[in-house]
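Visitor: Could you take me through one part of this structure slowly, the place where its domains meet? I would also welcome a few local details of the backbone and side chains along the way.

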Amino acid sequence: MSSETLVQQTTNSPEAEKAFSKENFDQAVMSTYGRFPLALEKGAGSLVWDTEGKQYLDFVAGIATCTLGHAHPVMIEAVTKQIQKLHHVSNLYYIPEQGELAQWLIEHSCGERVFFCNSGAEANEGAIKLARKYAHTVLEIEKPIIVTANASFHGRTLATITATGQPKYQKNFNPLVPGFHYVPYNDIRAMEDIISELDEGDYRVGAILLEPLQGEGGVRPGDVAYFQKLRQICDETGILLIFDEVQVGMGRTGKLWGYEHLGMEPDIFTSAKGLGGGIPIGALISKKFCDVFQPGEHASTFGGNPFVCGVALSVCQTLEQENILANVVERGAQLRAGLHNIAAQYPQYINEVRGWGLISGMELHPEISLVAGDIVKAAMDEGLLLVPAGPKVVRFVPPLIVTAQEVKIALQKLDKAIATVTK
Ligand SMILES: Cc1ncc(COP(=O)(O)O)c(C=O)c1O
């Protein structure tokens, strides 16, 4: 099906006529999000439409999730095929689609064993449990500490908000989960200090959990020398090195996994978001030596069911067969070149442009009153969806299938939006 046919189908559908009530929504749904006054109901490729029929270029992609964009024919086919065949059975039985997806992940990464769950937070919870058991049973640490980074983001469950090195996500949820310490990102001295400081009594560092590029924390790429030194420290001490690849894994950076940019491999890593292209799935992927879970120690009802695994497998195979990583590299370079041009026009507002592949951040100067949300709102008026990464960084995470023409149009819309807010 061509994207033109899809566009016609989506915009002319009878559902587009149905009225949407923000008031009814707010009455019924918990207000855990600060929502924009926008209701989206259709998508095709990198385009989405709101309930009024207005079209937007979607450079949010469900926050780095819709790998193949919206209504991709491969996903439509995979969803249809799998729901007709078998959608859910218990993990008490072998699930062939789960095995196939696990094999794909192993063949395409440094990992050797996979556990499937439903989200990034849940994958990180699994990693935290695995690391604790490894620390108790292999490293013989009575009270293992997991070190994470300031400005990190690892999810919204109790353990993952504790792992997240941002107090704003922890406020009012005390008592937090014990056993976490935080250090500045990309700072090897701070990591060495905490490892030696905690090396006494029952407490010792058992694992380090980091993002290869901090996404929510402001699109901050990891430093190669830092991560290579960390690998060396972990090899010498036995400390587990865990990567949270939830936002940057699955091709988002132009390589399949973020760690490939750093010239080293983690012992354990997690994936979610882009893995299912928008179908809820998470994965915890480890080397064999630290896969210490025994039957009954970790589980998930929905984790790895035939439906999500069948669809995620189709996303993975499409990434490979259509050489989508090459598009990520080219479109990422095009987008960042355009962002640098815009930044050069507004040096008094824009501090830096950074990123890998199709995750880019445009950082505003800290001392000015303009915030990322102002640009996001103005861009929305222009028909371009963007998302902040913290108060001062505008994030660009379009579908990995975004075209050169779409990147060009997005840059024009952004230019207009910035002109408006800086007038
Ligand atoms: C790096 C990282 N880890 C974990 C999560 C949590 O994932 P989820 O929202 O699927 O629980 C996110 C979500 O933004 C993330 O960016």
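**A close look at the domain interface**

Guide: Happily, and let us start with how the chain is divided. In this predicted model, the domain assignment gives domain 1 as 3-65 + 323-421 and domain 2 as 76-321. Domain 1 is therefore written as two stretches of the chain, while domain 2 is a single stretch. From one C-alpha centre to the other, domain 1 and domain 2 are 27 Å apart.

Now to the contact itself. On the side of domain 1, 26 residues are in contact with domain 2, which contributes 29 residues of its own. Together the two domains bury about 2100 Å² between them, and carbon and sulfur atoms give 61% of that area. If you would like three residues to pick out on screen, try T65, W356 and I359: they supply 34% of the area that domain 1 buries against domain 2, more than any other three residues.

The polar side of this interface deserves a look too. Two salt bridges are found across the interface of domain 1 and domain 2. There are also twelve residue pairs in polar contact across it, with both residues at pLDDT 80 or more. As for which elements domain 1 brings to the meeting, those giving two or more residues are the helices α3 (61-64) and α11 (324-345), along with the strands β13 (350-356), β14 (359-364) and β17 (393-396). Sorted by class, the side of domain 1 that touches domain 2 has 15 nonpolar, eight polar and three charged residues. For a salt bridge to display, choose R220 and E363, whose closest N and O atoms are 3.6 Å apart.

Two of those elements are worth a second visit. In helix α3 you will find A64, whose phi is near 60 degrees, a positive value in a residue other than glycine. A64 counts as buried because its relative accessible area is 4%, under the 20% cut-off. In helix α11 sits H340, and this residue is classed as partly exposed because its relative accessibility is 42%. H340 also gives a sense of scale: H340 and M75 are 265 residues apart in sequence, and their C-alpha atoms are 34 Å apart in space.

Let me add some loops. S300 lies between β12 (282-286) and α10 (306-321). With a relative accessibility of 13%, S300 counts as buried. Leaving aside residues up to four places away in sequence, S300 touches N91, F115, F116, C117, N118 and E122. A polar atom of the S300 side chain also lies 3.0 Å from the backbone nitrogen of G303.

Two further loops carry backbone details to inspect. Most residues other than glycine have a negative phi, and most peptide bonds are trans. The peptide bond from N174 to P175, however, is cis, with omega near -5 degrees. P175 is in the loop between α7 (158-163) and β6 (180-183). E140, in turn, has a positive phi of about 55 degrees although it is not a glycine. You will find E140 in the loop between α6 (120-137) and β5 (143-149), and E140 is exposed, with a relative accessible area of 66%.

How values were computed:
Residues are numbered from 1 along each chain as its sequence is written. This is a predicted model: local features need pLDDT of at least 70, side-chain atom pairs count only at pLDDT 80 or more; totals for chains, interfaces and linings use all residues. Side-chain values use heavy atoms; hydrogens and water are left out. Contact means heavy atoms within 4.5 Å. Buried area is the accessible area (1.4 Å probe) that two parts lose on being put together, summed over both. A salt bridge is a side-chain nitrogen of Lys or Arg within 4 Å of a carboxyl oxygen of Asp or Glu. A polar contact is a pair of N or O atoms within 3.5 Å; within protein, one must be able to donate a hydrogen and the other to accept it, and residues adjacent in sequence count only if both atoms are side-chain atoms. Helices (H or I, at least four residues) and strands (E, at least two) are DSSP runs, numbered from the N terminus. Ala, Val, Leu, Ile, Met, Phe, Trp, Tyr, Cys and Pro count as nonpolar, Asp, Glu, Lys and Arg as charged, and the others, Gly among them, as polar. Buried means under 20% relative accessible area, exposed over 50%, partly exposed in between (1.4 Å probe, protein chains only).
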